[in-house]
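Dear colleague,

I am passing the structure below on to you, and my notes on what was found in it follow. Please keep it open while you read, since the notes go through it piece by piece.

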Amino acid sequence: MASSRFTPFERLLLSSRNEADTAALLLLAWLAMSDGQGTLSDRKRTLLDELTGDFRHDHGYQLIIDLASAPDFVALQLAAEVLQRYYRGPRRETFLRQAIHVATHEGALVAGQHHVLRFLADLLGVAPETFEVLFRDVAGYPLAVPEDLSAAHYWRSRESADHRHSSQQDRHDTHGESSRERTDGEEDAAQGSRGRRRKEQRYRQREHAKDGHDETRRRRWRWRREEAGQREQAHDGQHSDEGERHREGFSHEGAYAKGHASGNEKAQRALAVLGLMENAQKSEIKRAYRRLAQKYHPDRYHAQSQEAMVTASLRFQRIKNAYDYLMRQHA
Amino acid sequence: MSASDADIARAIARCENQAVKAAAENVLRVESRKREYDQLYGTLTGIGLLRARMGLSHAPYWKGSVANDFSISADGEYARYAELKAKVGRAVRVHDAWQQVRRVMLWGGGISLATGAGVALLMFAPDLF
């Protein structure tokens, strides 16, 4: 039997207005601090404030940050148990969206955050197919395999990619400086890492361009949710170009997906949304759509909170987009 | 806790697997790489512990070399939430018991005081009776 004294986190949970929200806040702070920086940057702290603005926590963040930075795995286990117990249905998806947003806010996911995100997905019982769709939805690029920091080739490829990037910049600046010679093996090893970094870099640039105004950036998460709600209410007949991009992307980042994903990739994503295997027949697609539409129709969540309604609308819209796309493919 | 440079050098010298030895040389002998690796190692060790205690060692996102390296067997630790509930239960019982003792003490004190006052009056002011 352990000590009968209450730990600081237990006291915090007991005095919180909502223990599930307090537990979620600790896990999000842990995720934010798994980026290898060792501290919670002001930007991440502001982001946490925004995302958890409607959490019924009502306490200062200092203890949470102290526990997340140590990290205190006894407190994290308790938080994970509370979350597993209370976050079910649409709430888990909302939480995972918040987690992905926290992890990808500053661009590239570091290996530690990859593993924490995967732990949270397993904790809440979200299947990898669903989580990958969620990830692409929020981050705008696919979930990659975490880097292996214990492998020598990872460091070689990373440093040569960094070196190459800086030498390219130097060459661009000085017009004519010769680049370093590289072996074919290193080139191959660096290619995957460079590609991923370039993709993430593009995503970062797009995000910065999109968030030109500070005020917009502060409110982006809520704006996305509101926008999703509005899209849901929009008339089916209003097919602007922007709307078409969103529809085909099955995501908030539809414009990006359209520009970069091939038709085959889109079809695979659409099939994943409907929980189907490759080469699914038209009848199977229709059956899967009917089943999911009945299960996730927003009217079923009418009696629940506004947040649950918005999440359900988002999910239903994504299912419908995927179905429409696949039907067009089969026409 | 991170191993010292001397410990790492000894471990590398003892290692017989050439691939592991080369990787360790590359990663652990460079300070910046080692720092980053240590942080990830700490995170993965913690996640392995949490997964073992919460029954998530065979979940879909815990497989491959990471799962092989960082999975531990369940250490018989109790569930934290159940422990918290048990603590709250004990605290409630102690509180209730104390309230009962306090009530008895208050009644006892009141009765003693009244009896004392009565006896005092009887002794020092018998004319009142």
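In chain A, helix α2 and helix α6 (residues 90-104) pack with their axes 9 Å apart and at an angle of about 25 degrees. Because an angle under 35 degrees counts as roughly parallel, α2(A) is roughly parallel to α6(A), and the crossing of these two helices is right-handed. On the α2(A) side the contact is made by A:A24, A:L28, A:L31 and A:A32, while α6(A) contributes A:F95, A:Q98, A:A99, A:V102 and A:A103. Sorted by class, the residues of this contact are eight nonpolar, one polar and no charged. Please bear in mind throughout that this is a predicted model.

A second partner of α2(A) is helix α4 (residues 62-69) of chain A, and here the axes are again given as 9 Å apart, with an angle of about 50 degrees. That angle makes α2(A) oblique to α4(A), and the crossing of α2(A) and α4(A) is right-handed. The residues that meet are A:L25, A:L26, A:A29 and A:W30 from α2(A), and A:I64, A:I65, A:L67 and A:A68 from α4(A). This contact divides into eight nonpolar, no polar and no charged residues.

Which residues touch the most other members of the largest nonpolar core? In that core of 80 residues they are A:L26, A:L27, A:A29 and A:L274, and helix α2 (residues 19-32) of chain A gives the most to the core, with eleven residues. In soluble globular proteins, nonpolar side chains tend to be buried together. To take one of these residues further, A:L26 is in contact with A:I64, A:L67, A:A68, A:A75, A:L76 and A:A79, once its neighbours within four places in sequence are left aside.

Turning to the chains as wholes, chain A has 17 helices and zero strands, and 37% of its 331 residues count as buried. Among the contacts in chain A between residues at least 6 apart in sequence, 71% join residues at least 24 apart. Chain B comes to five helices and zero strands, and its elements run α-α-α-α-α from the N terminus on. Buried residues make up 16% of the 129 residues in chain B, and in this chain residues 24 or more positions apart account for 16% of the contacts with a separation of 6 or more.

Finally, how many residues of each chain are in contact with the other chain? There are 32 residues of chain A in contact with 30 residues of chain B, and α5 (73-86), α7 (111-123) and α9 (152-174) of chain A each supply at least two residues of the side that touches chain B. By class, that side of chain A has 20 nonpolar, seven polar and five charged residues.

One helix pair between the chains may be worth following in the view. The axes of α7(A) and helix α3 (residues 31-54) of chain B come within 9 Å and cross at roughly 10 degrees, and the two helices are therefore roughly parallel to each other. A:A111, A:G112, A:H115, A:V116 and A:F119 of α7(A) meet B:Q39, B:L40, B:T43, B:L44, B:I47, B:L50 and B:R51 of α3(B). The contact of α7(A) with α3(B) has seven nonpolar, four polar and one charged residues.

With best wishes

Notes. Residues are numbered from 1 along each chain as its sequence is written. Chains are lettered from A and ligands numbered from 1 in the order in which they are written. This is a predicted model: local features need pLDDT of at least 70, side-chain atom pairs count only at pLDDT 80 or more; totals for chains, interfaces and linings use all residues. Two residues are in contact if their C-beta atoms, placed from the backbone, lie within 7 Å. Helices (H or I, at least four residues) and strands (E, at least two) are DSSP runs, numbered from the N terminus. Ala, Val, Leu, Ile, Met, Phe, Trp, Tyr, Cys and Pro count as nonpolar, Asp, Glu, Lys and Arg as charged, and the others, Gly among them, as polar. A residue is buried if 20 or more other C-beta atoms lie within 10 Å of its own, exposed if 12 or fewer, and partly exposed in between; C-beta atoms are placed from the backbone. A nonpolar core is a set of buried Ala, Val, Leu, Ile, Met, Phe, Trp, Tyr and Cys residues joined through C-beta atoms within 7 Å. Axes are lines fitted to C-alpha atoms, for helices over the stretch in contact, and angles run from 0 to 180 degrees between N-to-C directions. Angles under 35 degrees count as roughly parallel, over 145 as roughly antiparallel, 65 to 115 as roughly perpendicular and the rest as oblique. A crossing is left-handed if the near helix is turned anticlockwise from the far one by less than a right angle, and right-handed if clockwise.
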